[in-house]
Structure formats: C-alpha cells, structure tokens
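Here is a short briefing to read alongside the structure. Keep the viewer open and follow the topics in whatever order suits you.

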Amino acid sequence: MLIGYARVSKSDGSQTVAPQRNALLVAGVDPERIYEDLASGRNDARPGLIACLKALQPGNTLVLWKLDRLGRDLRHLVNTAEDLRVRGIGLKVLTGAGAQIDTTTANGRLAFGIFAAFAEFERELIAERTQAGLAAARARGRLGGRPRKMDRAMLTMAMAALSDPKAVTADVAKRLGITTTTLYSYVNGDGSPKAAGTALLRTETGDESPDTVSTVQRSA
C-alpha cells in the first residue's frame, strides 16, 4: 500500500498542495491515503505528518513529492527514514534532489545511503566545531561545560544579594556564574532559602537544626 504526504510552508493561500497531490495520485497513491500539512518544515507541530507516520504499517511505502517535504534537516530525514526501515516501511521520493531514493529497491537504498553518509559528515563537523569553540573559549579564560552548581558560599552570597529589593536576579546569577533557574531552585526572590537551599545549608554545616539556617539568614 502506498501512503502519501504533502506539505507547503505557508497557510495564507499563496501556496497550495495541489501540485504535490497530483504527483502523488499519478504515482498511484489513493486520494484517501494522502496526508497534508500547511506548516514550515522546521515546525515540529505537524499533525498531518504525525497522523501519516501512525497510519503506516509494515509493508507500506511512504511516497513524497520531494525529500524536503518530510524533514527539518538532513539529519532528521535520515533518522526518520531509518525509523521507517526498522518498521518495515519503504520510502519513495518522486522528484527533486532525492528522486533516486526508493528504499524498496537496491539502487534506491544505495542512493539513500549516500544521504546518510552526508548526515554523518554533518554531525562530525558540528562536533569538531563545538570542540574548537570550547578550546578557543578556554584560551580566553572562559570555561565550557555545565554551569556551576550551588554551594554554601554561593548560596550565602545569593541570599544576601537578593535580600536587597533592588537586586536583579539575572545579574546576581551572572555574578555567581550560575543560571537563574539554578538560583531560583535554591533561593526565593526575597533572599530567603527554598527547601533545596535549606537542605544545602544544613548538609554543609553538618547541623540539621532550623537554628542553623536562621543564623545563616541573619548573617546574609
């Protein structure tokens, strides 16, 4: 069974799926088995595609007018096609750069293998650029990796800073080298500790009594 998918990026009437739909019909797709979307390819919320992928069963073939109708980028295309292959579903592209792709045939699988190789190359390039960027940042005195975690000294400074009504949370977090999310996980906007902050103060002082937290608050 052939199942078709068509998509245009704009829903303002300036684009229509009619040419794609006609091509799918000529390719033998039943009109009742054509799914459509009016959304950008970079948009994850594509109900037509979601319904299409759910409708596909082992032995079916997904038919596209062009390869770019399916995915956000090359990596997404390769991953989607691999998911289809694992499910026993073929992929056939009618026109455009991917017109040689038909994973139900040996030649088509070879063509798609070339696309997959390019996707792997793209992933390696991104990884290399990331490592090069981190190395350059370290050379300038900036450290990459995960943001710093909250410790007792930082928590005390955060509590003291946020107790000032004029304090800006984002500025406080930046000075401490943590994210605002991390800051708000431990401290309220008025400088008082949240449950995580209270637990940290008790743990690092080795004192489980509420008086310990109150003492730190007063000193802050």
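## Overview

The protein chain exposes about 13000 Å², and carbon and sulfur atoms supply 54% of that area. Please keep in mind that this is a predicted model. The secondary structure of the protein chain comes to 9 helices and 4 strands, and from the N terminus on the elements run β-α-β-α-β-α-β-α-α-α-α-α-α.

**The chain as a whole**

- The protein chain has 220 residues, of which 33% count as buried.
- If you take the contacts between residues at least 6 apart in sequence, 60% of them join residues at least 24 apart.

**The sheet**

- The 4 strands form an open sheet in the order 2-1-3-4, and their pairing is parallel.
- Strand 2 and strand 4 stand at the edges with a single partner strand each, so one side of each has no neighbour in the sheet.
- From one strand to the next, the twist averages 20°.
- Strand 1 and strand 3 pair in the parallel sense over 4 bridges; here you can find Leu 2 opposite Thr 61 of strand 3.
- Strand 3 is also joined to strand 4 by 4 bridges, again with the two strands running parallel; the bridge partner of Val 63 is Lys 92 in strand 4.
- Strand 3 is covered on both faces: Thr 61 and Val 63 are buried on one side, and Leu 62 and Leu 64 are buried on the other.

**Helices lying across the strands**

- Helix 1 (residues 18-26) lies across strand 1, strand 2 and strand 3, and runs at about 165° to strand 1.
- Helix 2 lies across strand 1, strand 2 and strand 3 as well, running at about 155° to strand 2.
- Within helix 2 (residues 47-55), the buried residues are Gly 48, Leu 49 and Cys 52.
- Seen down the axis of helix 2, these buried residues fall within an arc of 95°, so they line one face of the helix.
- Pro 47 and Lys 54, on the other side of helix 2, are exposed.
- The cover over the buried residues of helix 2 includes strand 1 (2-8), strand 2 (34-38) and strand 3 (61-64).

**The largest nonpolar core**

- This core has 16 residues, and those with the most contacts inside it are Tyr 5, Leu 56, Leu 62, Leu 64, Leu 67, Leu 70 and Leu 91.
- Strand 1, helix 2, strand 3, helix 3 (74-86) and strand 4 (90-93) are the elements that give two or more residues to this core.
- Helix 3 supplies the largest share of this core, with 3 residues.
- To look at one member in detail, try Leu 70: residues up to four places away in sequence aside, Leu 70 touches Tyr 5, Arg 46, Leu 49, Leu 62, Leu 64, His 76, Leu 77 and Thr 80.

**The second core and Leu 183**

- A second core, separate from the largest one, has 15 residues, including Met 154, Leu 183, Val 187 and Leu 200.
- Leu 183 belongs to helix 7 (residues 180-186), and is buried with a relative accessible area of 0%.
- Which residues touch Leu 183, leaving aside its neighbours within four places in sequence? They are Met 150, Ala 158, Leu 162, Thr 169, Val 172, Ala 173 and Ile 178.
- One of these contacts, Met 150, is 33 residues away from Leu 183 in sequence, yet the two are 7.8 Å apart in space, C-alpha to C-alpha.

**Helix 6**

- In helix 6 (residues 169-176), Thr 169, Val 172, Ala 173 and Leu 176 are buried.
- These residues cover an arc of only 95° around the axis, which puts them on the same side of helix 6.
- A general point helps here: an α-helix has 3.6 residues a turn, so residues three or four places apart point the same way.
- Lys 174 and Arg 175 are exposed on the other side of helix 6.
- What do the buried residues of helix 6 pack against? They pack against helix 5 (152-162) and helix 7.
- After helix 6 comes Gly 177, which has a positive phi, near 75°.

Definitions and conventions. Residues numbered from 1 in each chain as written. Predicted model: local features only at pLDDT ≥ 70, side-chain atom pairs only at ≥ 80, totals over all residues. Heavy atoms only, no water. Buried < 20%, exposed > 50% of the residue type's maximum accessible area, 1.4 Å probe, protein only. Arc of directions from axis to C-beta. Contact = heavy atoms within 4.5 Å. Core = buried A, V, L, I, M, F, W, Y, C linked by side-chain atoms within 4.5 Å. Areas by Shrake-Rupley, 256 points an atom, 1.4 Å probe, with all protein chains shown as cover. Pairing = 2+ DSSP bridges. Axes fitted to C-alpha atoms, helices over the stretch in contact; angles between N-to-C directions.
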